[in-house]
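Student: I would like to look closely at one sheet in this protein and at what lies around it. Could you take me through it strand by strand, and then show me the helices?

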Amino acid sequence: MPSEKIQLENNLVLRSATIDDAEEVAEFNSIVMAEPPEMTPEPEIGEWTLDLFDGVNRRVGPSDFTVIEDTKTGKIVSSIVYISQVWNIGSVDTPMGMPEIVGTHPDYRRRGLIRKQFDVMHYWGKQRGHFFNTVMGIPYYYKQFGYEYALDAWGGRATARTALGGVLPKKDAKPVLSARDAERTDVPFIVETELNSRQRLFVTTTRDAQNFESEMFDRREGNMVFYRTRILEQEGVPVAYYEYNVTTKRDMIRVNSLEISSSVNWLDATSSMLVDLKKLADELVSVDGGKCEKVEFEIGSGHPAFKLFDSQFGSEKKPYAWVIRVPDVAALVSHISPVIERRLSASDLRGWSGDLKLSFYRSGLKMNFDAGKLTAVENTGPIERHEAHAHYPDLSFTKALFGQKSFTQLREALDDCFAEKRADHVLQDILWGGKQASGVLPTN
Ligand SMILES: CC(C)(COP(=O)(O)OP(=O)(O)OC[C@H]1O[C@@H](n2cnc3c(N)ncnc32)[C@H](O)[C@@H]1OP(=O)(O)O)[C@@H](O)C(=O)NCCC(=O)NCCS
């Protein structure tokens, strides 16, 4: 953060926050995020803000918040927090940053206050060597800051609490695995088991033991991103886990992950989770005034659990998407070159050598491959049409890079996305991997 304050129009000052701002920003965030028509405050966002100020997430502290203060009233009128993380792209750890809890007081909106703070966020990202930024946000808005929808998020299934039953053949039958709350001593098991998800998912989040431990045990219970973890055991040995959170405002449970170790199968883990979840959900409604009508499984549309049960998981929940900004495309492509080379070597074009020029119309990317190795990547200005091997309009290349859409799918959707030669078209689907499943639960 530039240590100096940035004087904006009139009485507005943009600065990084200090610990003394914690309560005010938390209060501000819980009110500014209220949604129409009810406009009920969101205390869960306030609690999340306080955890971030307190450094529960070790990568975030007070100075990662920007605030804009009206010096006339002494009040904070706009704020964002920058959450540094490491995501994993096809087995390559990739530092990135996420602007979050973005809000401006209604009286100060549409004056560019968020745009100005995003400039600061992007400056921090550059200083910290972040390869990309993502936001989980309101529709369209962040496209104005160079972001593009490029990675599916929160897809899965949604069901009613009452539909969870009927998993076991008899009423008094027991599930194969027993369930209990996770303890600190389970963290190494969870860290190791979570890594198995990389075998089926292209983009995931990198979490070490400290991340898991602080998320599981140090967050305030009312924090919007407080997840509870259940361990599934076979004869007293942990073999699977799942995470969920209870959203009282929306009367529902949200399951965020289900992962298994190699010593158990998906059927035993899934059926045991469903039995346990039904018990937990029923307990929630059994307390005075308790409600839990809905259960959402936001574990990715292609999760193996969904193949094994129909009615219990209910209907499809279409994914939303992360918007992604890649400030230096060449740097990210070069960073994930092991993934690209792996794809090429496993394809019909293994060992391919040549130049490859991608046109983004107003800019471009030039690559060189030598015997299947990516030897050079550089950002370029516009590439002449007859020189480009493939064309990606606007920011559509980001969708290919993060596996949200294959080149073939982009070609079908966008008239100005194309490759003249068949082999160049095929090469695009090889290098960028086509459409791939991803599952990101951010470390936020
Ligand atoms: C969305 C919100 C953060 C925008 O704050 P803001 O200070 O008005 O934003 P800015 O003025 O910096 O917006 C930048 C640009 O987007 C435009 N814009 C503002 N709100 C917009 C919206 N909801 N949709 C589309 N464009 C919008 C602005 O006019 C401005 O355009 P310009 O640069 O061409 O002049 C604010 O309306 C808000 O706090 N809403 C409630 C909380 C919320 O939804 N937060 C986002 C959670 S992801």
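Tutor: Before we begin, one term is needed: two strands count as paired if DSSP finds at least two bridges between them. Please also keep in mind that what you see is a predicted model.

The protein is divided into three domains, namely domain 1 (6-146), domain 2 (156-321) and domain 3 (328-431), and the sheet to look at is the one made of 7 strands, in the order β9-β11-β12-β13-β14-β8-β15. This sheet is open and its pairing is mixed, and its edges are formed by β9, residues 178-181, and β15, residues 315-317, each of which pairs on one side only. If you compare neighbouring strands while ignoring their direction, you will find them turned by 30 degrees against each other on average.

Let us follow some of the pairs, starting with β11 and β12, which stand side by side in the order of the sheet. Strand β11 covers residues 228-234 and strand β12 covers residues 237-247, and the two pair in the antiparallel sense over 7 bridges. To find your place within this pair, look for Arg230, which stands opposite Tyr242 in β12.

Further along the order comes β14, which has β13 on one side and β8 on the other, and here the mixed character of the sheet can be followed in detail. Between β13 and β14 the pairing is parallel, over 4 bridges, whereas β8, which covers residues 156-160, is joined to β14 by 4 bridges and runs antiparallel to it. A useful residue to pick out is Glu296 in β14, since it appears in each of these two pairings: Glu296 is the bridge partner of Arg254, and Glu296 is also the bridge partner of Ala158.

Now turn from the strands to the helix that lies across them. Helix α6, residues 266-286, lies across β9, β11, β12, β13 and β14, and its direction makes an angle of about 155 degrees with that of β13, the strand formed by residues 252-260.

Finally, there is a pair of helices to examine, and a general remark helps here. Two packed helices are described by the angle between their axes and the distance between the axes. For helix α4, residues 187-194, and helix α5, residues 209-218, the axes come within 9 Å and cross at roughly 115 degrees, and the crossing in which α4 passes α5 is right-handed. On the α4 side the residues that meet the other helix are Val187, Pro188, Ile190 and Val191, while α5 brings Ala209, Phe212 and Glu213 to the contact. Sorted by class, this contact between α4 and α5 has 6 nonpolar residues, no polar ones and 1 charged residue.

To place this part in the whole chain, you can also look at the domains to either side of domain 2: the centres of domain 1 and domain 3, taken over C-alpha atoms, are separated by 34 Å, and their contact takes 6 residues from domain 1 and 6 residues from domain 3. On the side of domain 1 that touches domain 3, the residues divide into 4 nonpolar, 2 polar and no charged.

Terms used:
Residues numbered from 1 in each chain as written. Predicted model: local features only at pLDDT ≥ 70, side-chain atom pairs only at ≥ 80, totals over all residues. Axes fitted to C-alpha atoms, helices over the stretch in contact; angles between N-to-C directions. Left-handed = near helix turned anticlockwise from the far one by under 90°. Contact = placed C-beta atoms within 7 Å. Nonpolar A, V, L, I, M, F, W, Y, C, P; charged D, E, K, R; others polar. Domains from an automatic or database assignment.
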